[in-house]
Amino acid sequence: GVLFGLTNLTFAQGQSNLDYSNGILYGDAEHTSIVFVSPSAVLGDFVLPDSVKTIADSAFSGNSTLTSFTVTANSQLKKIGYGAFSYCANLVKVTLPVGNDIVIDSCAFINSAKLAEINLEGVKAVGEYAFYKTALRNTLTNPISLTCDGVIIGAYAFAELSTLQGVRIGDNAIICEFAFAGSALRSVVMGSNGGITIGESAFEKSTKLVDIDLSKATGKVGDYAFYQCSSLVSVSLDNITELGEGCFQACSKLTAARNTNNVVTVGQGAFMADGIIVEGVLQILAPVPLAGFDFDSVTEIGDFAFFSTNLTSVNLSNVTALGGSAFADCEQLETVTFGEKLTVLNDSAFFGCKNLQIGENDLKNFVKIGSAVFYQAKLPKTLNLDNVEELGEQAFIEDTKTCNNLENVIAPK
């Protein structure tokens, strides 16, 4: 920085409100803000003066002598600026007061590689990348607490922290995209009164997360929020109305989605198995073993939503829109109940459902049945297609050659 090694300052006329002392440049004589700290200032275990309300962008950045930073209970601190403590190579511990509603700006502690301990109960907002590439660590019995009502947790704020085991999140929190992505979280506890928003990819690839109760979350689970959470076994969705695209995709141990009776929309690939295309053929790498789901309130299901899951029975009585391949390769699926609201079956909707038994009148209300919809499904001897106006190719092939059991089709007059 331009003030590196500075020992004396002479202020120009009109700037005498600035004050420089012991390597620290304050914004005024009352020391209500810290503007700059010389990287050569010897700070050690630094206690912030109670008068300081704001710490400017990059103020302590690059100081290698700072080992701990303490803000007392009497402090007036309200904001820690952008990159304020970035690249502080020997900073290990930060102590903040509870009740100040402090805002931590983006990148505030980024690349302070030894920072292992901080209390966040009094923090109102954590900016994007705030703790990226730090060493924040805790235990399941002593989680990071982000418990201010309405706390905002910015994008990538705690991403890729390999020693972060638990977090407690307050009511009405907003968890932004990738906030905890790639972390070592094992436990997430959410506020008792709810209202929590979960953003896109918020917990993506948190591979040690086993169980999460989203009953205090509300609205939508963001796209890919729990993508590739490969240890996740169960999830509770009491107040969720929308499951975003790929939100539980490739969760290869997920067997239970509980309390789904408020879910209206299931997005594209929400519980889809992970796979790769090899020579034009999809090879499944991580099927999702989901065995049950309450569809009572569901009206819309996206493409590939339950692709290659272990569902055995599906009630689509209230569904009005069903995406292509929505239940494709669900080899355990035996029964499907259709309602009068669904009149179109898109391509491959039940492709490869080898144990699915279709009844004689199950499809009588459909106007359109796309290609390969019931490829390899079990057909009755007589099939009522009285209202079908459009029928796709290979819609009812039971195996690779023929419709073995089907003898009669009731066609439109």
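1. A nonpolar core, as the term is used here, is a set of buried Ala, Val, Leu, Ile, Met, Phe, Trp, Tyr and Cys residues joined through side-chain atoms within 4.5 Å. In this structure, which is a predicted model, the largest such core has 118 residues, and those with the most contacts inside it are Phe327 and Phe350. As background to this point, nonpolar side chains tend to be buried together in soluble globular proteins.

2. Phe327 deserves a paragraph of its own. Residues up to four places away in sequence not being counted, Phe327 touches Phe295, Ile301, Phe306, Leu311, Val314, Leu316, Leu322, Leu333, Ala349, Phe350, Phe351 and Cys353. Among these partners is Phe350, which is named together with Phe327 as having the most contacts inside the largest core.

3. Gln332 can be taken next, since Leu311 appears among its partners too. Gln332 is found in the loop between strand 28 (321–322) and strand 29 (335–338), and, its neighbours within four places in sequence left aside, Gln332 is in contact with Asn310, Leu311 and Thr312. Because its relative accessibility is 42%, Gln332 counts as partly exposed. From C-alpha to C-alpha, Gln332 and Ile152 are 42 Å apart in space, with their positions 180 residues apart in sequence.

4. Two open sheets can be described in turn, and for both it helps to recall that strands of a sheet pair through backbone hydrogen bonds, either parallel or antiparallel. One open sheet consists of 3 strands in the order 12-14-16, and its pairing is parallel. Strand 12 and strand 16 (187–190) are the edge strands, each pairing on one side only, and the twist from one strand to the next averages 15°. Strand 14, which covers residues 166–169, is joined to strand 16 by 4 bridges, and these two strands run parallel; within this pair, Val167 stands opposite Val188 in strand 16.

5. Another open sheet of 3 strands, with the order 18-20-22, has parallel pairing as well. Its edges are formed by strand 18 (211–213) and strand 22 (256–258), each of which pairs on one side only, and neighbouring strands of this sheet are turned against each other by 5° on average, direction ignored. Between strand 20 (residues 234–236) and strand 22, which run parallel, there are 3 bridges, and Ser236 stands opposite Arg258 in strand 22.

6. The largest pocket holds about 230 Å³ of space and is lined by 15 residues, of which Glu117, Ile118, Asn119, Asn142 and Ile144 lie nearest its centre. At least two residues of this lining are supplied by each of strand 8 (93–95), strand 10 (117–118) and strand 12 (144–146), and the largest share, 3 residues, comes from strand 8. Strand 12 therefore has two roles in this note, as it is an edge strand of the sheet with the order 12-14-16 and also a contributor to the pocket lining.

7. Two residues other than glycine call for a closer look at their backbone. Phi of Cys107 is positive, near 60°, and Cys107 lies in the loop between strand 9 (102–104) and strand 10. Because its relative accessibility is 11%, which falls under the 20% cut-off, Cys107 counts as buried. Phi of Tyr224 is likewise positive, near 55°, and the place of Tyr224 is in the loop between strand 19 (217–221) and strand 20. With a relative accessibility of 25%, Tyr224 counts as partly exposed.

Methods
Residues are numbered from 1 along each chain as its sequence is written. This is a predicted model: local features need pLDDT of at least 70, side-chain atom pairs count only at pLDDT 80 or more; totals for chains, interfaces and linings use all residues. Side-chain values use heavy atoms; hydrogens and water are left out. Two strands pair if DSSP finds at least two bridges between them. Axes are lines fitted to C-alpha atoms, for helices over the stretch in contact, and angles run from 0 to 180 degrees between N-to-C directions. Buried means under 20% relative accessible area, exposed over 50%, partly exposed in between (1.4 Å probe, protein chains only). Contact means heavy atoms within 4.5 Å. On a 1 Å grid over the protein atoms alone, a cavity is a set of points where a 1.4 Å probe fits but cannot get out, and a pocket is an open set with protein on both sides within 12 Å along at least five of seven lines; lining residues have an atom within 4 Å of a point. Grid points are joined across faces, edges and corners, and a volume is the space filled by probe spheres set on the points.
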